[in-house]
Amino acid sequence: MSNSKLLMTFPVSATSHTLVEYRERGGYATLEKVLRQMTPTQVSAEITASGIQGRGGAAFPMGRKWGVVHLNDGQPHYLCANADEGEPGTFKDRWILENAPHLLVESMVIAAYALQVRNAFVYIRGEFDLPYRRLAAAVDEAYQAGYLGARILGTDVSCDLVIYRGAGSYVCGEASALLTSIEGRKPYPRNRPPRLTVRGLYQRPTVVNNVETLANIVGIVANGAQAFRAVGTAKNPGTRLISISGHISRPGVYEIEVGYPWSKFIHEDCGGVSGGRQLKAVIPGGISTKVLTAAEIEPLHLDNQEVEAAGSSLGSGGMIVIAEGTCMVRLLQVMLRFYHHESCGQCTPCREGMGWLHRIIDRVVAGDGRPEDIERLYQISAWNDGTTICGMGDAAGYATSGVLNKFRDEFEYFIDNKRSRLHGNLECLASS
Amino acid sequence: MPRIFINGQPIDAEPQHTVMEAARANGIVIPYFCWHPQLSIAGSCRICAIQIEDRSWVEIACNMPVSEGLRVLTDSDQVKTYRKSIMQLMTLNHPVDCGICDKAGECTLQDYHYLYNGAPSLSRDVKVRSTKFHPLSERIVLDNERCILCSRCVRFTREISKSNALGIIQRGDASLVRAAEDRPLDADPYSDNVIDICPVGALLSRSFLYQSRVWYLQPTPSICPGCARGCTVNIWHRKAEWKLNALDPAKNVRIERVTPLENPSVNGPWICNKGRDLKQILERPRAEHAMQKGGVVDLATAIRSARRLIDHAAHPVALVSNWGSNEELAAFSQALGARFTTFVKHDWAAQPGEPIEDDLLIRADKNPNTLAARALFPTVDDGGTLDGATDLVLVWGEGFDFERVPRGAAIIFLNAYVQPENGHADVFIPVSIQTERRGHYTNFQGTVGAFEPCFPKKPSIADAEALFASLAISEVEPA
């Protein structure tokens with residue numbers, strides 16, 4: 001494993017998430033330094049100079065997002081941490097929320113200071129129980145210690161942090177739907193323009209950042225942008241939290257330096273495919289990214305640019321390992337069931353298309369597939385490509401066409417023979 | 001003004017306009033389901049797809065601001081293909097039961113299918129089943145299978161009528177439009193507008209449900225007499241060429257439905273539910289025969305008797321109707337105004353439970369032409385006792401308490417509906433209603449609106465405008 005770690009820098013224990021131990025690790029010293037010695041513009045400049053990209057999936061540079069907000073436009077601004085980690089296969093933010101909630105709180109206060117935000121929000125996934133309790137406790141501790149609320153650390157800076165729990169909808173992870181949900185309405189994603197940094201929460205400029213992205217702020221500001229850029233690649237500096245699951249011996253959350261060799265990560269750091277099987281494919285960053293075969297990932301490094309050149313994306317860092325013998329038709333069925341279930345139903349291509357895709361794949365798995373079904377799956381995916389209000393339609397399309405591109409023969413076999421060419425289970429048998 | 005190009009045609013657009021608005025202002029057709037000129041942008045139906053020249057993808061016109069030099073294509077091959085796909089998706093779970101759908105013939109989905117797709121469905125899978133005949137309110141039923149979730153109705157109740165009565169529950173292709181339990185749609189006096197703005201046959205009027213195919217009907221422009229707003233409406237009735245003889249012939253001369261006739265200076269594209277129910281006012285039992293003291297006479301006899309009463313009256317008093325048209329009121333003023341002491345009578349008052357006034361359309365004055373009546377006859381009837389010297393009272397229209405007539409005074413009564421007082425008058429003359437004649441009303445802002453006849457008037461019924469001129473002729477032979 002790479003030696004450079006920016007977030008997982010301490011041994012996790014039963015009390016490592018508390019304020020006492022966070023302070024022992026140097027916690028909140030950066031906040032103090034920022035409030036006493038830096039101007040908001042200096043903080044923003046440092047973030048921009050670090051070149052950090054969003055860790056939520058779209059890899060949008062954080063500095064550019066912040067740059068749209070005019071500090072002196074006379075409006076209230078809002079900051080929101082996107083902790084609605086719903087992308088299947090992704091559970092990296094959960095690690096931060098459970099084990100380093102104060103890192104997020106401190107980072108958010110610094111970000112709030114840089115963006116002149118009085119009220120900041122954390123939108124946390126409703127199913128997150130322990131992460132919510134840990135974060136809520138951390139916010140309480142921070143308020144009592146004077147790191148949140150009015151006149152933080154005796155300065156003129158004030159910031160309140162509100163935790164908002166979601167109700168279990170996948171689209172709430174989309175930034176505009178998330179804000180609509182905070183406003184108390186049905187979380188339909190919003191049309192752009194306007195961008196959220198122009199008109200977001202309560203029609204005011206709002207910055208929504210992923211938890212992992214925000215958590216890097218303390219490190220960037222404490223050690224400087226140059227130190228951050230020293231890790232990772234030139235275009236994509238820093239580290240990534242990778243949550244790996246599926247047919248893997250040691251699933252979990254790993255912090256890796258951007259540019260770490262992929263197959264080394266899977267076969268050495270994570271102990272290889274469980275049961276000693278061969279690697280068949282990997283979904284690199286949540287199921288909305290296109291699947292890559294074992295041969296494709298062999299030469300690659302965990303760097304978004306390389307992965308994108310290979311036709312996929314590191315996305316949210318939710319890696320799903322697929323062992324040899326897994327039926328990709330069944331896999332696609334599970335994925336499409338998810339997208340059908342989670343489509344918010346606002347815009348036509350996704351609302352109708354997801355159900356259609358799901359019904360087709362259900363029929364194929366039931367042994368009633370038709371030769372034209374594969375073309376139809378492609379067609380519906382294409383109808384969703386870039387034509388929906390949010391990215392969910394595209395994502396489902398990528399997932400579908402990704403699996404079909406790489407494993408078309410399995411679908412053809414299934415349709416012709418009314419059964420899987422493989423044993424058909426998705427689960428990895430422990431004894432094998 | 002930013003200059004944009006739509007299909008190469010230069011257009012000077014308003015800076016705040018979207019591409020959709022700029023195109024419409026210049027007569028360029030871009031299809032839409034969810035967009036509505038009076039409602040916020042939903043951007044969800046995606047049928048208004050357009051392409052910017054040199055871009056490889058399609059975008060939606062309704063949410064695209066205009067900018068200098070923007071070059072828009074509304075019917076490139078890519079746009080056409082995309083619209084076709086949207087129509088495939090729109091009809092995927094739509095039952096396509098046009099044969100039994102009230103909206104057929106004026107349905108946007110139907111029109112667009114033929115305009116932009118025309119191909120049969122590519123799907124071989126069963127459609128999503130959903131609720132039929134869901135009672136959204138006392139007035140509206142909802143067919144969820146037909147619903148394309150454009151959210152126009154939801155936005156209408158939020159942004160226009162502000163009742164917040166509707167919302168969408170569930171998600172994905174299981175989404176359902178439903179009324180809020182604590183804010184019933186019944187309480188919304190504008191609820192029926194959602195039936196008009198529904199682009200498909202999902203929201204259905206209970207009173208019009210399965211009453212008629214729309215292509216058998218014709219709209220006649222008219223004015224709603226329900227209040228002083230004077231909303232312009234279309235009164236829909238059976239076309240003359242589709243006259244029914246074997247079925248109930250009464251269907252030929254009845255109001256089938258009332259819809260708004262868009263008029264930006266008065267009511268925009270909306271009317272209230274009272275306007276939808278005009279048949280409850282205009283189709284009450286009609287007085288069809290002239291009477292003297294309750295005995296039926298022919299119209300000419302009644303007119304002669306009325307003339308005689310006018311000739312012999314020393315102190316005649318008239319109460320004119322503020323449901324009379326501008327023409328009728330002018331005719332009265334010209335023919336009889338000098339002869340009578342004239343008061344303007346308020347024919348109608350708000351009924352129990354009726355909304356009195358709001359800041360959208362509904363006015364407290366429940367009569368259509370008070371302004372014009374008062375301009376001619378400044379004195380308003382205050383409901384008090386009439387001058388004891390009065391020996392003739394001419395009452396035109398409803399809403400008069402005959403107890404107020406001084407003992408011994410003669411009564412001439414002009415009314416359109418069956419009413420017990422008709423038989424008590426010395427002379428009773430039945431008059432036409434607004435669906436039987438042409439005329440104008442002046443609303444409370446001074447805006448004059450016209451109404452056209454829908455049905456023929458029966459010969460035994462008088463037309464008030466002609467009647468007043470006729471009443472002014474003296475029966476006494478010149479000496």
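Into which domains is chain A divided? In this predicted model, chain A comprises domain 1 (19-229), domain 2 (239-323) and domain 3 (328-417). The C-alpha centres of domain 1 of chain A and domain 2 of chain A are 27 Å apart. Their contact draws 12 residues from domain 1 of chain A and 18 residues from domain 2 of chain A. On the side of domain 1 of chain A that touches domain 2 of chain A, the residues are divided evenly by class, with four nonpolar, four polar and four charged.

Chain A contains an open sheet of four strands, arranged in the order E3-E2-E1-E4 with parallel pairing. Strand E3 (160-165) and E4 of chain A occupy the edges, and because each has a single partner strand, one side of each lacks a neighbour in the sheet. From one strand to the next, the twist averages 20°.

Within this sheet, strand E1 (residues 77-83) of chain A pairs with strand E2 (residues 117-124) of chain A in the parallel sense, over seven bridges. In this pairing, A:Ala81 is placed opposite A:Val122 in E2(A). E1(A) is also joined to strand E4 (residues 206-210) of chain A, through five bridges and again in parallel. Two positions illustrate the register between E1(A) and E4(A): A:Tyr78 has A:Thr206 as its bridge partner, and A:Asn82 stands opposite A:Asn210.

The environment of E1(A) is mostly covered, with seven of its seven residues buried. In a regular strand, side chains alternate between the two faces of the sheet. For E1(A), A:His77, A:Leu79, A:Ala81 and A:Ala83 point one way, whereas A:Tyr78, A:Cys80 and A:Asn82 point the other way. The residues of both sets are all buried. Thus A:Ala81, which faces A:Val122 across the pairing with E2(A), belongs to the set that includes A:His77, while A:Tyr78 and A:Asn82, with their partners in E4(A), belong to the other set.

Chain B has 479 residues, of which 44% are buried, and its secondary structure consists of 11 helices and 22 strands. Along the principal axes, the C-alpha trace of chain B spans about 95 × 50 × 45 Å. Among contacts in chain B with a separation of 6 or more, 64% are between residues 24 or more positions apart.

The domain assignment of chain B yields domain 1 (3-90), domain 2 (123-210) and domain 3 (291-471). The centres of domain 1 of chain B and domain 2 of chain B, taken over C-alpha atoms, are separated by 27 Å. Contact between these two domains involves 10 residues of domain 1 of chain B and 10 residues of domain 2 of chain B. The side of domain 1 of chain B that touches domain 2 of chain B contains six nonpolar and four polar residues, with no charged residues.

Helix H4 (residues 152-159) of chain B is largely enclosed by the rest of the structure, because six of its eight residues are buried. These buried residues are B:Arg152, B:Cys153, B:Val154, B:Arg155, B:Phe156 and B:Thr157. They pack against strand E8 (166-169), strand E9 (176-179), helix H5 (193-197) and strand E10 (203-205) of chain B.

E10(B) also takes part in an open sheet of three strands, in the order E6-E7-E10 (chain B) and with antiparallel pairing. Strand E6 (134-135) and E10 of chain B are the edge strands, each pairing on one side only. Two bridges connect E6(B) with strand E7 (residues 140-142) of chain B in the antiparallel sense, and B:Pro135 is positioned opposite B:Val141 in E7(B).

The interface between the chains brings 27 residues of chain B into contact with 27 residues of chain A. Helix H2 (residues 77-90) of chain B makes the greatest contribution to the side of chain B that touches chain A, supplying five residues. By class, that side of chain B has 14 nonpolar, eight polar and five charged residues.

Key. Residues are numbered from 1 along each chain as its sequence is written. Chains are lettered from A and ligands numbered from 1 in the order in which they are written. This is a predicted model: local features need pLDDT of at least 70, side-chain atom pairs count only at pLDDT 80 or more; totals for chains, interfaces and linings use all residues. A residue is buried if 20 or more other C-beta atoms lie within 10 Å of its own, exposed if 12 or fewer, and partly exposed in between; C-beta atoms are placed from the backbone. Two strands pair if DSSP finds at least two bridges between them. Domain bounds come from an automatic or database domain assignment. Two residues are in contact if their C-beta atoms, placed from the backbone, lie within 7 Å. Ala, Val, Leu, Ile, Met, Phe, Trp, Tyr, Cys and Pro count as nonpolar, Asp, Glu, Lys and Arg as charged, and the others, Gly among them, as polar. Axes are lines fitted to C-alpha atoms, for helices over the stretch in contact, and angles run from 0 to 180 degrees between N-to-C directions.
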